[in-house]
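Colleague: I would like to go through this model with you, one label at a time. Could you set each value against its cut-off as we go?

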Amino acid sequence: MLTTADVSGFHENGFIVAKGLVPDTTRAELQLIAESHLQQNLAPIEYEVDVQYPGSPLGSEAPGGATARRLLQACSRHLAFRNWAADANIKTCLQQLFSLKNIGLSQCHHNCIMTKQPGFSSATLWHQDIRYWDFDQENLISAWLALGDEDRKNGCLRVIPGSHRMVLEPGRFDAAMFLRADLAENKALIKCAEKVELKAGDMLFFHSKLFHAAGRNLTDTIKYSVVFTYHDVDNHPIASTRSARFPSIKI
Ligand SMILES: O=C(O)CCC(=O)C(=O)O
């Protein structure tokens, strides 16, 4: 259970870290499956080359062109991920953060294992996840489980506390809905960022409107993180959008 201070901290800052939420046996099992799926190149996979973020390989024939960025569809790739996504502890935390009982797990967004690899990983610029989601209300929460330690060196997330409550003019964003780095007001906002360092087994909950970014993995070890996104079951995806491609799972 989160404390009242955790819940109010989440509303204030847009994120909260639940330390050691995952038992080590579960964490180790998920890590082994992720390693095995990555080794087998088990589809569906998003490759670094697909996103063309800073640091991405230029093409699939270029060096690093076969570097996986995410193992997609975590819920259907192995029951262990599906079970973890609906784990009773996670459900309780989400019920507290949403202040409601009935939680839906999206199979369209995140629902993946991030595999940030040495050598060819890319940097993710400042954005809100809601930029690529379409729901009746912009109120979703993602849960990010660190399977190993995450810090600045291996490309941990950075967040701008409280930014989920801000409303920015469209001109602050580029065409892909990243914060424009050339604007003084964006530079000032980014200066307020903090890094979210996690230990293996920690869980970061963050709001879909929280501005966040992440660097490249500069170590020689792959960073694995499992990410799921949740919503109120009465907050529906908009028909015919990417958010409605697969049904949500009531947890
Ligand atoms: O680890 C990263 O590069 C950040 C990923 C991210 O922010 C996202 O997928 O929305």
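Modeller: Gladly, and I will start with the words for strands. Two strands pair if DSSP finds at least two bridges between them. Helices (H or I, at least four residues) and strands (E, at least two) are themselves DSSP runs, numbered from the N terminus. Residues are numbered from 1 along each chain as its sequence is written. This is a predicted model, so local features need pLDDT of at least 70 and side-chain atom pairs count only at pLDDT 80 or more, while totals for chains, interfaces and linings use all residues.

Colleague: What makes strand 7 and strand 12 a pair?

Modeller: The cut-off is at least two bridges, and 7 bridges join these antiparallel strands. One position to look at is Trp 144, whose bridge partner in strand 12 is Val 227.

Colleague: How do you know that strand 5 and strand 4 pair with strand 12?

Modeller: The same count settles both. Strand 5 meets strand 12 over 5 bridges in the antiparallel sense, with Ile 113 opposite Val 226. Strand 4 is joined to strand 12 by 3 bridges, again antiparallel, and there Leu 105 has Tyr 230 as its bridge partner.

Colleague: Why is strand 12 called mostly covered?

Modeller: A residue is buried if 20 or more other C-beta atoms lie within 10 Å of its own, exposed if 12 or fewer, and partly exposed in between, with C-beta atoms placed from the backbone. In strand 12, 10 of its 10 residues are buried. For the protein chain of 251 residues, the buried share is 41%.

Colleague: How do you know that Ser 36 is exposed?

Modeller: Ser 36 has 11 C-beta neighbours inside 10 Å, so it falls under the exposed label. You will find Ser 36 in helix 2 (residues 24-40). Thr 25 also lies in helix 2, and with 8 such neighbours Thr 25 counts as exposed.

Colleague: And what makes Asn 111 and Met 177 worth a look in a torsion plot?

Modeller: Neither is glycine, yet phi is positive: near 45° for Asn 111 and near 70° for Met 177. Asn 111 sits in the loop between strand 4 and strand 5 and has 24 other C-beta atoms within 10 Å, so it is buried. Met 177, in the loop between strand 8 and helix 7 (184-190), has 15 neighbours and therefore counts as partly exposed.

Colleague: While we are on the backbone, what makes the bond before Pro 44 cis?

Modeller: Omega from Ala 43 to Pro 44 is near 0°. Pro 44 belongs to the loop between helix 2 and strand 2 (45-47).

Colleague: How do you know that the buried residues of helix 6 are on the same side?

Modeller: Those residues are Ile 90, Cys 93, Leu 94 and Leu 97. The arc is that of the directions from the helix axis to the C-beta atoms, and theirs is only 95°, which puts them on the same side of helix 6. An α-helix has 3.6 residues a turn, so residues three or four places apart point the same way. After helix 6 comes Ser 99, with a positive phi near 55°.

Colleague: Which strands are the edges of the open sheet, and what makes them edges?

Modeller: The sheet has 4 strands in the order 6-11-8-9, paired antiparallel. Strand 6 (124-127) and strand 9 (194-195) are its edges: each pairs on one side only. Inside the sheet, 3 bridges join strand 8 (residues 157-159) to strand 11, and Val 159 stands opposite His 212.

Colleague: Which residues are around the ligand?

Modeller: A residue counts as near a molecule if its C-beta atom, placed from the backbone, lies within 6 Å of it. That gives Met 114, Lys 116, Thr 124, Asp 129, Gly 155, His 212 and Ala 214. Strand 5 (112-116) and strand 11 (212-214) each give two or more residues to this shell.

Colleague: Last one: why is the chain called as compact as a globular protein of its length?

Modeller: The chain has 7 helices and 13 strands. Its radius of gyration, taken over C-alpha atoms, is set against the globule rule, 2.2 Å times the number of residues to the power 0.38. The value is 17 Å, close to the 18 Å that the rule gives for 251 residues, so the label holds.
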